Protein chains: 2
Amino acid sequence: MVKANFADVLMDCARRKQSQLVVGLDPRLDRLPVELRPPDGARTSAAAARAIVTFNCAAMDAVADHAVAVKCQVAFYEELGCEGMRAYAATLQAARDRQLIVIGDVKRGDIASTAAAYASGHLGPAGRDAAPSSDFIADAITVNPYLGSDGVMPFVEAAAANGRGVFALVKTSNPSSVEIQNLESGGLPVYVHVGELVEGWGRPYCGQCGYSLLGAVVAATFPGDLARLRKLMPGTPFLVPGLGAQGARVGDVVGAFDGHGLGAIVNSSRDIIFAWERPPYDEEYGEARWQEAIEAAASDLRARLWAATH
Amino acid sequence: MVKANFADVLMDCARRKQSQLVVGLDPRLDRLPVELRPPDGARTSAAAARAIVTFNCAAMDAVADHAVAVKCQVAFYEELGCEGMRAYAATLQAARDRQLIVIGDVKRGDIASTAAAYASGHLGPAGRDAAPSSDFIADAITVNPYLGSDGVMPFVEAAAANGRGVFALVKTSNPSSVEIQNLESGGLPVYVHVGELVEGWGRPYCGQCGYSLLGAVVAATFPGDLARLRKLMPGTPFLVPGLGAQGARVGDVVGAFDGHGLGAIVNSSRDIIFAWERPPYDEEYGEARWQEAIEAAASDLRARLWAATH
């Protein structure tokens, strides 16, 4: 059976939900609601992992109607070792149970057969020699392109075989991203070269919507770079981080979208999942009503993004 | 208590064992000795993971006297999901039980607090707000520098706090590494700029041996690049992949070492751990004596590397 192209699935879902919002499930134990946090004397990895899964499920229930996808930053699960990875697997399953598209923010990257092993673990096996199945399978994952096409194409091929997607880092949201990504080569910064490579690698994998299953991570914290890359990469869907806690505003992400308000999804993590800590949700809901605060923050940001791009 | 600098520990071990050899534990289920492979009908992730740990322990017993370190390519464990990560954790513990330095080849990279979460999971917490401990702690790990210093320094700081090490990718062994790493900027390829950044980031973390706890991954498959980087990065220990299956020969790695035969460690994975499949070990040992074949291959390569650099 030929699997649907991930870009088509993603854009259909965006249209249907009128949402370009991705909610990042980056659970930090010390910021969970007190009622969920294991007591100080009992902060084992297992207790922490259980608290995280409980929190994630409640957060997903709150955002399911408002988010086109959720994104799990695997670092916050790996930090807890094996128990954390069990929480990661449980969160992926809970997202599937809620019919939510789930992106594994794993930023993996390696070469050839090693990249294929990662791809098999996170997107499913590309070939017939299927390894025993993994419980880390997400609908899409992020990858690091520093190793070149040998390091990216095994992920793209596994994604294509399984109806899944990939987002390659092109321009990241952090201040020091300029150190390597903005080195100038032939009059163009490295990130533009990387963007052109990604656009080319993804072209054979375009869906009916005109976008490829190979997307790009392009930060909102450099709005000029974002607009420049959008023009250079017309067939590449963007996953845009940097909103909120990292400093970018809704107006900064408008350049990521096409004329139909499609072609990009925008991540917000801490501003949504810890919304009860900040205005106006702290006064309106407070920690006692943290799940309602999460839903309100997701609903508000969804509406602001949609309005700004339509 | 001030922890020993990782570079000092590594160089001391190299001198003591007269070895610069790192054995890569990259277990591929379909290449394990038949006696260890789970039967086709019972190839669950759990069975695969058990077979891998049994194999790794036997391989480590065989190479412990000949290798300065072992390196686990985490992709081959992640491929099996949670069960695979338990096998990764068990392999790290088994390496410690054998007093073997163990490198987690995880090529992680992310920004700021996310990088700190990865670092905490793989190297131990840098600060006092210690998270519940992880069972993925290795003596050193590999990281991807594409995100710049924000993405690398949290790993370096966690390594310094815990007496551990980091190897940042500078020039990788795969053919398509040239696509981004060899873009020319200001008359120099990107990998040279990255090498200079890594040398600078690591300088405050030098041990008594003159090398930093922040090392670099520099491939043997481009011997000219290797020699060039050695000159530019006098305080950075190199982890050199690419020998054997990837095409480089012992003569290609000589340029990675200083005048004392130190400053670099050289990885070989498949050529050692599956030695019974290739000449001369196939005829001399064969699959029935696979563990002896592994020991002979490690012993031979250790001796050839030491002789070529002294």
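Visitor: Through which surface do the copies, chain A and chain B, meet?

Guide: Welcome! Keep in mind that this is a predicted model. Of the interface residues of chain B, 100% are also interface residues in chain A. The copies therefore meet through the same surface.

Visitor: What kind of axis relates chain B to chain A?

Guide: Let's try laying one chain on the other. A turn of 180° with a shift of 0.0 Å along the axis places chain B on chain A, and the RMSD is 0.0 Å. That is the relation of a two-fold axis.

Visitor: Which residue of chain B comes closest to the rotation axis?

Guide: Here we look at C-alpha positions in chain B. At 2.2 Å from the rotation axis, the closest residue of chain B is B:S185.

Visitor: Which element gives the most to the side of chain B that touches chain A?

Guide: The contact takes 56 residues from chain B and 56 residues from chain A. Several elements of chain B each supply at least two residues to that side, including α4 (81–97), α6 (149–162) and β6 (184–185). With 6 residues, the one that gives the most is α5(B).

Visitor: How many residues on that side of chain B are nonpolar, polar and charged?

Guide: We can sort the side of chain B that touches chain A into three groups. The residues divide into 10 charged, 20 polar and 26 nonpolar.

Visitor: Is B:E35 buried or exposed?

Guide: B:E35 sits in the loop between β1 (21–25) and α2 (45–63) of chain B. A residue counts as exposed if 12 or fewer other C-beta atoms lie within 10 Å of its own. B:E35 has 10 within 10 Å, so B:E35 is exposed.

Conventions: Residues are numbered from 1 along each chain as its sequence is written. Chains are lettered from A and ligands numbered from 1 in the order in which they are written. This is a predicted model: local features need pLDDT of at least 70, side-chain atom pairs count only at pLDDT 80 or more; totals for chains, interfaces and linings use all residues. Helices (H or I, at least four residues) and strands (E, at least two) are DSSP runs, numbered from the N terminus. A residue is buried if 20 or more other C-beta atoms lie within 10 Å of its own, exposed if 12 or fewer, and partly exposed in between; C-beta atoms are placed from the backbone. Copies are superposed by least squares on the C-alpha atoms of residues with pLDDT of at least 70 in both. Two residues are in contact if their C-beta atoms, placed from the backbone, lie within 7 Å. Ala, Val, Leu, Ile, Met, Phe, Trp, Tyr, Cys and Pro count as nonpolar, Asp, Glu, Lys and Arg as charged, and the others, Gly among them, as polar.
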